[in-house]
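Student: I'd like to go through this one and see what backs up each label. Can we take it step by step?

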Amino acid sequence: MLRLNTKICIVTGAGRGIGAAIARAFAREGATVIVTDKDEASAANVAGEIGGEAMRLDVASEQDWEAMAEAWPQCDVVVNNAGITGFEEALSPHDPETASLEDWRAVHAVNLDGTFLGCRYAIRAMRPRGSGSIINISSRSGLVGIPAAAAYASSKAAVRNHTKSVALYCAERGLKIRCNSIHPAAVLTPMWEPMLGTGPDRQARMAAFVADTPLRRFGDPDEVAALAVMLASDEAAYMTGAELNIDGGLLAGSAAAPKTD
Ligand SMILES: NC(=O)c1ccc[n+]([C@@H]2O[C@H](COP(=O)([O-])OP(=O)(O)OC[C@H]3O[C@@H](n4cnc5c(N)ncnc54)[C@H](O)[C@@H]3O)[C@@H](O)[C@H]2O)c1
């Protein structure tokens, strides 16, 4: 029995990385997948591969979400996955002392405004059936401070909190629309490329990034997708407002924890 049979599932930022892995996993479970991305060509590639529908959608654009509501007035699952670190084009300072207001706003426009608009669309599109699952991709950075990526951390913390507002709002109205957040850390996707670079030091940089991760490795996008399938399916009918960490054990302790050996 396929776990997402007959469900219409929309995934944002699904042209590559975690979003593409989620789109593929949803298709394997029998869903009709709407593969959306700001980059139309990559969305079309993934949609072609899995037999889904492609649509260009910039999550920060209210107009694009209106077009989505016209094209897909009803749906069962929305994954608000699209997100940026702000370091895609260039490594500029994003710390609390020197970050520019422009950079701060640009990160929040995609990560936070995009999630707000995605949740608003989802509630409206799920209302006719009175049920559905909204999955917001936050981050480990939404749970702890990140001095060098303060805008990213702030936006992801807001995504975590908005998830709970949406969950409670829907529950109060007797809707079976669930909303949960996933908090990945160090999942190997193209998002990491500007930080890993190329050349002989790449392996050493990779090892350094996961040195504090108890499982001592990067996560795989498919591992995040497996969690999204569970939250999207009816198996998770009693889960709403929850936050699920998928971080190789990183948040289980802290660097300041006393050593036992
Ligand atoms: N990879 C990680 O280690 C990690 C860790 C924690 C959280 N996350 C979160 O997971 C999500 C996916 O990350 P990823 O690693 O796959 O990133 P990625 O950079 O590999 O892919 C992001 C995708 O989003 C698209 N996108 C960017 N801006 C968009 C916009 N305005 N509208 C629509 N699409 C847009 C890009 O075109 C790209 O296809 C993000 O929200 C990210 O913050 C990732």
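**Around the ligand**

Tutor: Sure. This is a predicted model. The ligand has 30 residues around it, and those that come nearest are Gly 13, Gly 17, Gly 83, Thr 189 and Met 191.

Student: What makes a residue count as being around the ligand?

Tutor: Its C-beta atom, placed from the backbone, has to lie within 6 Å of the molecule. The shell that results holds 14 nonpolar, eleven polar and five charged residues.

Student: Which helices supply at least two residues of that shell?

Tutor: Helix H1 (17–28) and helix H4 (101–126) each do. H1 gives the largest share, three residues.

Student: Now strand E4. How do you know that both faces are covered?

Tutor: A residue is called buried if 20 or more other C-beta atoms lie within 10 Å of its own. In E4 (residues 77–80), Val 77 and Val 79 on one side pass that test, and so do Val 78 and Asn 80 on the other, so both faces are covered.

Student: Why is E4 said to pair with strand E1?

Tutor: Pairing takes at least two bridges. E1 (residues 8–11) and E4 have three, in the parallel sense, so they pair. One bridge puts Ile 10 with Val 78 of E4.

Student: And what makes E4 and strand E5 a pair?

Tutor: Four bridges join E4 to E5 (residues 131–137), therefore the cut-off of two is met; these strands run parallel as well. Val 79 stands opposite Ile 135 in E5.

Student: Which unit do E4, H4 and E5 make?

Tutor: A β-α-β unit, and a right-handed one.

Note on methods
Residues are numbered from 1 along each chain as its sequence is written. This is a predicted model: local features need pLDDT of at least 70, side-chain atom pairs count only at pLDDT 80 or more; totals for chains, interfaces and linings use all residues. Ala, Val, Leu, Ile, Met, Phe, Trp, Tyr, Cys and Pro count as nonpolar, Asp, Glu, Lys and Arg as charged, and the others, Gly among them, as polar. A residue is buried if 20 or more other C-beta atoms lie within 10 Å of its own, exposed if 12 or fewer, and partly exposed in between; C-beta atoms are placed from the backbone. A crossover is right-handed if, with the strands pointing away from the viewer, the path from the first strand over the helix to the second runs clockwise.
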